Amino acid sequence: MDISDWRKQIDEIDPQLVALLNRRAMAAVAIGRIKRNTDMPIREHDREREVLRNISRANHGPLSNTDLHMIFERIMDIMRNIQKSEIVAEDSVE
C-alpha cells in the first residue's frame, strides 16, 4: 500500500472514532445526571484508575500503554467537563 491508501484507511477510521467518542459522551451525560441527582462528585479517581487498567489490558499495540493513558486521560477530562456543563445547564433550568 502506498501513502494514499493508508490515508484513505485513516479517512475511513476517523468517522468511526467520532461516532464512538460521541457514544461515550452520551454515556457521560447520563452519568453526570445521575451524579447530580445523587450528589456524587464529578471526578472519581478510583474509576479513572479502573478505566486505565482496562485499556491497558485491552491494548495489543502498536500504541504503548503510556500513550493510551495520555489519550484516555484527555478523553476523561473532556467527559468530566461535559458532566459539569450538564449539571450547570440542568441547575439553570430549574
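1. The second largest pocket of this predicted model has a volume of about 270 Å³. The residues that line this pocket are Ile55, Ala58, Asn59, His60, Gly61, Pro62, Leu63, Leu68, Ile71, Phe72 and Ile75. When the lining of the second largest pocket is sorted by class, eight residues are nonpolar and three are polar, while no charged residues appear. Helices α2 and α3 each supply at least two residues of this lining, and α3 gives the most, with four residues.

2. Two of the residues that line the second largest pocket, Gly61 and Pro62, deserve a second look along the backbone. Glycine 61 and proline 62 are joined by a cis peptide bond, with omega at about 15°. Proline 62 has its place in the loop between α2 and α3, so a reader who follows the chain from one helix to the other will pass through this bond.

3. Leucine 68 is another residue of the lining of the second largest pocket, and it also belongs to the largest nonpolar core. That core has five residues in all, namely Val51, Leu52, Ile55, Leu68 and Met76. Both α2 (45-58) and α3 (65-93) supply at least two residues of this core, and the largest share, three residues, comes from α2. If residues up to four places away in sequence are not counted, leucine 68 touches Ile55, Asn59 and Leu63.

4. The largest pocket holds about 330 Å³ of space. Its lining is made of 14 residues, and the closest to the centre of the pocket are Arg24, Ile31, Lys35, Arg47 and Gln83. Helices α1 (3-38), α2 and α3 are the elements that give two or more residues to this lining, and the largest share, five residues, comes from α1. By class, the lining of the largest pocket has seven nonpolar residues, one polar residue and six charged residues, whereas the lining of the second largest pocket has no charged residues.

5. Is lysine 35, one of the residues closest to the centre of the largest pocket, buried or exposed? Lysine 35 is found in helix α1, and it counts as buried because its relative accessible area is 6%, where the cut-off for buried is under 20%. Leaving aside residues up to four places away in sequence, lysine 35 touches Met40, Pro41, Ile42, Glu44 and Gln83. Of these contacts, Gln83 is also named among the residues closest to the centre of the largest pocket.

6. Arginine 24, also among the residues closest to the centre of the largest pocket, lies in helix α1. Its relative accessibility is 29%, and therefore arginine 24 counts as partly exposed, a class that lies between the limits of 20% and 50%. Not counting residues up to four places away in sequence, arginine 24 touches Val51, Phe72, Ile75, Met76 and Met79. Two of these contacts, Val51 and Met76, belong to the largest nonpolar core, while Phe72 and Ile75 help to line the second largest pocket. Histidine 60, which also lines the second largest pocket, is 36 residues from arginine 24 in sequence and 21 Å from it in space, C-alpha to C-alpha.

7. Does the span of helix α1 agree or disagree with its number of residues? At 1.5 Å a residue, the 36 residues of α1 should span 52 Å, and because its end C-alpha atoms are 51 Å apart, the two values agree. The buried residues of α1 are Ala25, Ala28, Val29, Gly32, Lys35 and Arg36. As a general point, an α-helix has 3.6 residues a turn, so residues three or four places apart point the same way. Asparagine 22 also lies in α1, but at 46% relative accessibility it counts as partly exposed.

8. What follows helix α1 is aspartate 39, which has its place in the loop between α1 and α2. Phi of aspartate 39 is near 55°, which is a positive value in a residue other than glycine. With a relative accessibility of 71%, aspartate 39 counts as exposed, since the cut-off for exposed is over 50%.

9. Arginine 57, in helix α2, counts as exposed because its relative accessibility is 57%. Arginine 57 and isoleucine 78 are 21 residues apart in sequence, and their C-alpha atoms are 23 Å apart in space.

Definitions and conventions: Residues numbered from 1 in each chain as written. Predicted model: local features only at pLDDT ≥ 70, side-chain atom pairs only at ≥ 80, totals over all residues. Heavy atoms only, no water. Core = buried A, V, L, I, M, F, W, Y, C linked by side-chain atoms within 4.5 Å. Buried < 20%, exposed > 50% of the residue type's maximum accessible area, 1.4 Å probe, protein only. Contact = heavy atoms within 4.5 Å. 1 Å grid on protein atoms, 1.4 Å probe; cavity = no way out; pocket = protein on both sides within 12 Å on 5 of 7 lines; lining within 4 Å. Points joined across faces, edges and corners; volume = space filled by probe spheres on them. Nonpolar A, V, L, I, M, F, W, Y, C, P; charged D, E, K, R; others polar. Expected span 1.5 Å × (residues − 1).
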